[in-house]
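Dear colleague,

Please find below the structure that I am handing over to you. My findings follow it, and I would be grateful if you read them with the structure open.

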Amino acid sequence: MTAPYETYLHMLVDLHRLLGPTRYLEIGVNEGHSLACAGSDTRLVGVDPAPLVGSLDHPDWSVVEATSEAFFREWDVVDLLGGPVDLAFVDGLHHFEVALADVLSIEHYAHPGTVVLVHDALPIDKPTSERDRVSVVWSGDVWKAVVLLRRHRPDLTVTTLDVAPTGMAVITGFGGSTDESWVRPAVEDLMDADYADLVAMGVDRSLGVRPGTPEVLAGLLPVGSP
Ligand SMILES: C[S@@+](CC[C@H](N)C(=O)[O-])C[C@H]1O[C@@H](n2cnc3c(N)ncnc32)[C@H](O)[C@@H]1O
């Protein structure tokens with residue numbers, strides 16, 4: 001067994017190296033630390049209503065100043081990226097219904113080899129996983145998006161890697177169902193759940209937790225990935 005990635009950014013660098021995506025979409029760029037993990041041959045599009053990234057040592061990047069909801073409503077992703085999404089990273093608003101909507105919006109631009117990552121999938125404790133931020137490290141209740149995708153989208157492979165500080169879900173298997181009729185009642189059902197409910201359901205089973213190692217990550221990538 002190889003050693004776990006030190007942080008989610010180390011994992012992201014390695015995933016870019018392994019996958020070599022042509023087109024990368026990032027929801028929530030902040031200062032650009034995760035955008036900076038991409039290789040120079042990848043076209044990068046970021047989305048953030050209040051981006052703090054000023055410059056980036058990369059030949060092909062842009063940031064759309066918008067919430068993800070407005071972005072998917074008003075912009076043509078294929079136009080911006082020059083084709084479908086190969087790799088996406090969801091790290092915007094840390095409310096599960098928003099993270100879930102981001103994944104399902106990205107799915108419209110996905111292909112069978114697409115990989116979608118969701119940050120903050122593995123909460124640490126109750127205070128850091130509240131919907132209202134009360135701590136420096138804040139995963140919000142993004143974990144519920146992972147529970148719902150695992151529960152309602154058995155056609156997708158949804159696995160949570162235990163990488164610091166708050167886990168990363170890796171989603172593959174796109175190209176099947178795009179029925180979203182389950183979303184509204186499922187979101188209502190989990191809206192009031194909290195960390196204690198996750199513990200009661202079983203963290204590892206509900207989130208599909210695996211060690212955050214290069215070995216496990218490589219095994220999750222779509223067949224045909226380099
Ligand atoms: C945790 S930071 C992103 C960090 C960055 N991905 C990294 O790893 O360095 C979250 C970002 O999401 C942005 N954000 C907040 N609400 C959003 C929304 N509705 N849609 C997209 N981004 C949002 C915030 O402005 C913030 O910059």
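**Helix α4 and its neighbours**

In this predicted model, helix α4 contributes Phe96, Ala99, Leu100, Val103 and Leu104 to a contact with α5, where the partners are Lys144, Ala145, Leu148 and Leu149. Sorted by class, the residues of this contact comprise eight nonpolar, no polar and one charged.

Two packed helices are described by the angle between their axes and the distance between the axes. For α4 (residues 96–107) and α5, the axes come within 7 Å and cross at roughly 50°. The two helices are therefore oblique to each other, and α4 passes α5 in a right-handed crossing.

A second partner of α4 is helix α6 (residues 183–190); here the axes lie 11 Å apart and the packing angle is about 155°. This angle makes α4 roughly antiparallel to α6, and the crossing is again described as right-handed. On the α4 side the contact involves Phe96, Glu97, Leu100 and Leu104, and on the α6 side Val183, Val187 and Leu190. By class, there are six nonpolar, no polar and one charged residues in the contact of α4 with α6.

Phe96, Leu100 and Leu104 of α4 thus appear in the contact with α5 and also in the contact with α6.

**The surroundings of α5**

How much of α5 is buried? Seven of its ten residues are, and the helix is mostly covered. The buried residues are Trp143, Lys144, Ala145, Val146, Val147, Leu148 and Leu149. Among the elements that cover them are α4 and α6, together with the strands β6 (157–162) and β7 (168–172) and the helices α7 (195–201) and α8 (203–207). Lys144, Ala145, Leu148 and Leu149, which meet α4, are therefore among the residues of α5 that are buried.

**Asp141, in the loop before α5**

I would also draw your attention to Asp141, which is placed in the loop between β5 (115–119) and α5 (143–152). Is Asp141 buried or exposed? Its relative accessibility is 1%, so Asp141 counts as buried.

Leaving aside residues up to four places away in sequence, Asp141 touches His94, His95, Phe96, Ser129, Glu130 and Arg131. With Phe96 there is a specific atomic pairing: a polar atom of the Asp141 side chain lies 3.0 Å from the backbone nitrogen of Phe96. Phe96 is also one of the α4 residues that meet α5.

With kind regards

Key: Residues numbered from 1 in each chain as written. Predicted model: local features only at pLDDT ≥ 70, side-chain atom pairs only at ≥ 80, totals over all residues. Heavy atoms only, no water. Helix = DSSP H or I, 4+ residues; strand = E, 2+ residues; numbered from the N terminus. Buried < 20%, exposed > 50% of the residue type's maximum accessible area, 1.4 Å probe, protein only. Polar contact = N/O pair within 3.5 Å; in protein donor to acceptor, adjacent residues only side chain to side chain. Contact = heavy atoms within 4.5 Å. Axes fitted to C-alpha atoms, helices over the stretch in contact; angles between N-to-C directions. Parallel < 35°, antiparallel > 145°, perpendicular 65-115°, else oblique. Left-handed = near helix turned anticlockwise from the far one by under 90°. Nonpolar A, V, L, I, M, F, W, Y, C, P; charged D, E, K, R; others polar.
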